[in-house]
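Student: I'd like to learn how to read helix packing. Can we work through a case together?

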Amino acid sequence: MQQHDRDAAGQHDGGPTGAAPASAPSSPPDSVHVLLVEDDEAIRRSVGMVLERYGYRVSSASDGLTGLEMFREGQHDLLLLDIMLPHLDGIGLCRRIRETSQAPILMMSARGASLDVVAGLEVGADDYIVKPVDTTVLLARIRTLLRRATFTLPPAAGSRPADDGLLTFRDLSVDTRGLEVRVDGRPLALTPTELRLLLEFVAAPGVALQRQTLLRKVWDYGWDGDSRVVDLAVQRLRKKIGAGHIETVRGFGYRFRR
């Protein structure tokens, strides 16, 4: 990527050191459609230009209500939402989207807006990135979310289930081949992140999993990420499958009950 692209989007000077730069994606198809909702015109234009240069189709809106209308009228593979938006903020927009869609959502947050980040993750965002945006990190996060939305069964989850791929834990059943989850026989709608997280748990029932391990396997972080992402995703997953299935291992991580 040319230096001009980095400057336009704003360099994230607090990013991880020593992380390998994201390589250019292998020409994503034109059908990959990103909805970008950002009220700052300079950021909206520069981020949109970078995404388009890397092969993504981009629709953009400058406020939350317009973004919600565009989301309802179109088909989008991923949503990139600023938290501070006029008319309907990013938290409210994320909540409204989650009422009808499990599409990947990446939030953009101003540096230091910790409570806003937590609120966004609580209502269903998959991940967040801090502004000013490092476009290398942004592209890597987007590729990871898109891979997760279309992932195939991970090796760890494919090595344990019975021949039919169906695992049952009391009221919870997980079809690891059809990627379907049921509670008391009722189908359960999970986001791609929640499903990937659940598959990691059911692949190793009774085993304590570190937060950093889950960050690496589910979020594909190549460096130490924000463990709140894991904690809040587990919190959302518990609400959907029942709190009794996942235990907290204090100071370490989580364990799925056999």
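Tutor: Sure. Here α3 and α4 cross in a right-handed way, where right-handed means the near helix is turned clockwise from the far one by less than a right angle, and left-handed means anticlockwise. Keep in mind that this is a predicted model, where local features need pLDDT of at least 70, side-chain atom pairs count only at pLDDT 80 or more, and totals for chains, interfaces and linings use all residues. Residues are numbered from 1 along each chain as its sequence is written, and side-chain values use heavy atoms, leaving out hydrogens and water.

Student: At what angle do helix α3 and helix α4 pack?

Tutor: Two packed helices are described by the angle between their axes and the distance between the axes. Helix α3 (residues 64-73) and helix α4 (residues 90-98) pack at about 20 degrees, with axes 10 Å apart. So α3 and α4 are roughly parallel, a label for angles under 35 degrees.

Student: Which residues of α3 and α4 meet?

Tutor: Contact means heavy atoms within 4.5 Å. Gly-64, Gly-67, Leu-68, Phe-71 and Arg-72 of α3 meet Leu-93, Arg-96 and Ile-97 of α4. That contact has four nonpolar, two polar and two charged residues.

Student: And how do α2 and α6 cross?

Tutor: The axes of helix α2 (residues 41-53) and helix α6 (residues 135-149) come within 11 Å and cross at roughly 60 degrees. α2 and α6 are therefore oblique to each other, and their crossing is right-handed. Val-47, Val-50 and Leu-51 in α2 meet Thr-135, Leu-138, Leu-139 and Ile-142 in α6: six nonpolar, one polar and no charged.

Key: Axes are lines fitted to C-alpha atoms, for helices over the stretch in contact, and angles run from 0 to 180 degrees between N-to-C directions. Helices (H or I, at least four residues) and strands (E, at least two) are DSSP runs, numbered from the N terminus. Angles under 35 degrees count as roughly parallel, over 145 as roughly antiparallel, 65 to 115 as roughly perpendicular and the rest as oblique. Ala, Val, Leu, Ile, Met, Phe, Trp, Tyr, Cys and Pro count as nonpolar, Asp, Glu, Lys and Arg as charged, and the others, Gly among them, as polar.
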